[in-house]
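Here is a short, friendly briefing to keep beside your viewer. Have the structure open and colour it as you like.

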Amino acid sequence: MIQQLFHNPDIYQIEVDLPDNPLKYLNSYVVKGKMHNLVIDTGFNRPECQKALFDGLQELDVDLQCTDLFLTHLHADHTGLVGAFATAGCPIYMHGIDYTYLKDSADGTTWRFTEQNFMREGMPAADIEKQFSNQARKYSPQINFSVKTVSDGDMVRLADTDFHVIHTPGHTKGLCCLYLPKQEIFFTSDHILFDITPNIQIWSNMRDALEQYLQSLDKVYQLPVQLALPGHRKGNISIAGRIDEIKEHHRNRLQEILDIVKTQPHMTAFEIAPHLTWSMRGKKWNEFPPTQKWFAMGETLAHIEYLVHHGRLAKEERNGVFLYALA
Ligand SMILES: [Zn+2]
Ligand SMILES: [Zn+2]
């Protein structure tokens, strides 16, 4: 489905279906300038996404010969189809940190770090193996490509329009949002979503992703926004109220962990996770699909890392696994 969201500059949204994925669809945004076009994010590297995106681009009469691609972050639902743009010779923009992660995940390095970590946090090997086929791995871009790296505060001219780059580490370490100051339009990617909460994980060279995420929410809290365009689901006209809700969600989750650990000390993260409140359409922990268990485990660990980092939880190693108690 294609929808025009703004005139001058002309901004369109292509809904790229993500089959069998709770995110439902990826919002690929197209900005059409007089001479140049911009595409923001692509969808997974799978035929269904490819058809949706390129049918949309054809309908909008987008010529790849004068099109730039901006990748907000490394996740495969945003970068999967970068190959088609690289092959066509489109300049590709991305933050250098996420570009490095993406290259390292091609040979499994990024994934191995998480697998080893999850094992030491009590997740059984069988549960880890079950998610080898998860969509983020299966549908990632299978191609080497080079990028023009962007950093916080950069002003980049794309689609004949000046965009501000705002680096908002948290959901990933290199996630960048784009902002149009004159029109007050904010492309929030997966930094701010409006009817689901962005997933926060642990990363190999990122200390306390949750703390960085909360700081990145504060960083954009005061930004004047007339139109917020997220990476998934529906957009909104403002962001401050949503930021308050997301921060409250994390505060509640941190408190939940402290309450659980208080009544049952010396549990692993994998034992703590089932006791948290998850909105999985009424499913119990044992019924979670392997990929959802994987993300829930990462989310739990990100909160535990925050509590350890802030001196609220004590971490102790016993027989090669970590156990947690109140500090
Ligand atoms: Zn993401
Ligand atoms: Zn996403």
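The points below go through the domains, the nonpolar cores, a pocket and a cavity.

This is a predicted model. Its protein chain is divided into domain 1 (2–116 + 135–245) and domain 2 (247–326). Both domains contribute to the largest nonpolar core, and both help to line the second largest pocket.

**Domains**
- The C-alpha centres of domain 1 and domain 2 are 28 Å apart.
- Where the two domains meet, 23 residues from domain 1 and 18 residues from domain 2 take part in the contact.

**Nonpolar cores**
- The largest nonpolar core has 81 residues, and the members that touch the most others are Leu-57, Phe-186, Ile-192 and Ile-239.
- Helix 11 gives the largest share of this core, with eight residues.
- Why does this core lie between the domains? Domain 1 and domain 2 both give residues to this core, so it lies between them.
- Phe-186 is worth selecting on its own: setting aside neighbours within four places in sequence, Phe-186 is in contact with residues including Ile-166, Cys-177, Tyr-179, Val-220 and Leu-223. Ile-192 and Ile-239 are also among the contacts of Phe-186, as are Leu-178 and Leu-229.
- A second, separate core holds 20 residues, among them Val-150, Leu-158, Leu-178 and Leu-229.

**The second largest pocket**
- The space in this pocket comes to about 200 Å³.
- Its lining consists of Phe-113, Asn-117, Glu-121, Ile-202, Trp-203, Met-206, Leu-301, Ile-304, Glu-305, Val-308, Lys-315 and Tyr-324.
- By class, eight of these lining residues are nonpolar, one is polar and three are charged.
- Which helices each supply at least two residues of the lining? They are helix 5 (109–120) and helix 11 (290–309).
- Helix 11 provides the largest share of the lining, four residues.
- Domain 1 and domain 2 each supply at least three residues of this lining.

**The largest cavity**
- One cavity of 30 Å³ or more is counted, and the largest cavity has about 30 Å³ of space.
- Asn-27, Tyr-29, Ile-40, Asp-41, Thr-72, Phe-187, Ser-189, Leu-229 and Gly-231 line the largest cavity.
- Strand 3 (25–32) and strand 11 (185–189) are the elements that give two or more residues to this lining.
- Four residues of the cavity lining are nonpolar, four are polar and one is charged.
- Leu-229 links several of these topics: Leu-229 lines the largest cavity, belongs to the second core and is in contact with Phe-186.

Definitions and conventions:
Residues are numbered from 1 along each chain as its sequence is written. Chains are lettered from A and ligands numbered from 1 in the order in which they are written. This is a predicted model: local features need pLDDT of at least 70, side-chain atom pairs count only at pLDDT 80 or more; totals for chains, interfaces and linings use all residues. Side-chain values use heavy atoms; hydrogens and water are left out. On a 1 Å grid over the protein atoms alone, a cavity is a set of points where a 1.4 Å probe fits but cannot get out, and a pocket is an open set with protein on both sides within 12 Å along at least five of seven lines; lining residues have an atom within 4 Å of a point. Grid points are joined across faces, edges and corners, and a volume is the space filled by probe spheres set on the points. Ala, Val, Leu, Ile, Met, Phe, Trp, Tyr, Cys and Pro count as nonpolar, Asp, Glu, Lys and Arg as charged, and the others, Gly among them, as polar. Domain bounds come from an automatic or database domain assignment. A nonpolar core is a set of buried Ala, Val, Leu, Ile, Met, Phe, Trp, Tyr and Cys residues joined through side-chain atoms within 4.5 Å. Buried means under 20% relative accessible area, exposed over 50%, partly exposed in between (1.4 Å probe, protein chains only). Contact means heavy atoms within 4.5 Å.
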